[in-house]
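Trainee: Could we go through this protein together, one question at a time?
Mentor: Gladly; let's put the model up and begin.

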Amino acid sequence: MALDREYFDSINIELVKSKYYNANKVRAVLEDIRQQAQLLIDENARLRAQLQEQTKSRMELGDAVVSAQTVYNEIVERANACAASILKDAQRQHDEMTDESARRQDYAVKRVEQCITKLREQQLKCVELINLEWQSFLCGLDELSDASVKAAPADLDEKLSAIERELRMIEEE
């Protein structure tokens with residue numbers, strides 16, 4: 001049997017003998033009990049409503065936490081995918097830059113080799129030209145010395161040795 005308003009309203013004590021009970025006092029006590037019971041019933045209803053509200057809030061909060069966890073997981077997955085994509089692009093760019101650098105180095109080496117080869121060829125041509133001029137000069141001296149029978153300068157051997165050293169240095173370079 002529930003302790004509610006109907007229960008307390010149904011209580012009705014009939015006085016058997018008025019000498020044992022004062023009817024007004026009994027009615028007053030019953031009325032006080034009814035009022036206290038009503039207060040307790042109201043408090044119980046209020047607490048039940050509050051409990052339902054808190055349960056509802058807790059469920060909503062739980063749903064929000066689950067939803068936030070799902071959003072968090074999605075964000076982490078997207079961030080990981082984005083990071084992987086960025087790393088892949090960076091690696092591709094690194095590879096392209098490395099390949100480009102190697103191509104440029106190869107190109108520079110080939111061009112420098114060509115320049116050195118051309119320079120060497122030109123130096124050899126210059127040396128040959130100087131040799132021809134030198135031979136022509138020496139032959140002309142022989143013809144002059146035969147014609148005028150003049151003696152060669154005393155430091156001619158020194159000058160020829162110096163020219164020969166210079167030519168060898170040019171060839172070595």
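**Salt bridges, helices and a cavity**

Mentor: Let's start inside helix H2, where Arg 103 and Glu 100 sit three residues apart, which means about one helical turn separates them. Helices here are DSSP runs (H or I, at least four residues; strands are E, at least two), numbered from the N terminus. A word on the ground rules: this is a predicted model, local features need pLDDT of at least 70, side-chain atom pairs count only at pLDDT 80 or more, and totals for chains, interfaces and linings use all residues. Residues are numbered from 1 along each chain as its sequence is written, and side-chain values use heavy atoms, with hydrogens and water left out.

Trainee: What do the side chains of Arg 103 and Glu 100 meet in?
Mentor: Side chains of opposite charge can pair when their charged atoms come close. The N to O distance between Arg 103 and Glu 100 is 2.7 Å. The cut-off asks for a side-chain nitrogen of Lys or Arg within 4 Å of a carboxyl oxygen of Asp or Glu. Arg 103 and Glu 100 therefore meet in a salt bridge.

Trainee: Is Glu 100 buried, partly exposed or exposed?
Mentor: Buried means under 20% relative accessible area, exposed over 50%, and partly exposed in between (1.4 Å probe, protein chains only). Arg 103, at 49%, is partly exposed. Glu 100 has a relative accessible area of 30%, so Glu 100 is partly exposed.

Trainee: Which residue forms a salt bridge with Glu 43?
Mentor: The partner lies three residues away in helix H2, about one helical turn from Glu 43. Glu 43 is partly exposed at 33%, and the partner is partly exposed at 43%. The closest N and O atoms are 2.4 Å apart, and the partner is Arg 46.

Trainee: Which residues do shared salt bridges join into one network?
Mentor: One pair to look at beforehand is Asp 155 and Lys 159, whose side chains meet in a salt bridge at 3.5 Å, N to O. Salt bridges that share partners make one network of Glu 100, Arg 103 and Arg 104.

Trainee: How many salt bridges are there in the whole structure?
Mentor: The pairs we have met include Glu 43 with Arg 46 and Asp 155 with Lys 159. A search of the whole structure gives a total of seven.

Trainee: Which helix gives the most to the lining of the largest cavity?
Mentor: On a 1 Å grid over the protein atoms alone, a cavity is a set of points where a 1.4 Å probe fits but cannot get out, and lining residues have an atom within 4 Å of a point. The lining of the largest cavity holds Arg 120, Gln 123, Leu 124, Val 127, Ile 170, Glu 171 and Glu 173. Helix H2 (23-148) and helix H3 (156-172) each supply at least two of the lining residues. With four residues, the top contributor is H2.

Trainee: Where is confidence highest?
Mentor: Confidence here is pLDDT, the predictor's own score for each residue, from 0 to 100. The protein has a mean of 83, and 82% of its residues reach 70 or more. Helix H1 (residues 5-10) is lowest at a mean of 66, while the highest mean, 89, belongs to H2.

Note on methods
On a 1 Å grid over the protein atoms alone, a cavity is a set of points where a 1.4 Å probe fits but cannot get out, and a pocket is an open set with protein on both sides within 12 Å along at least five of seven lines; lining residues have an atom within 4 Å of a point.
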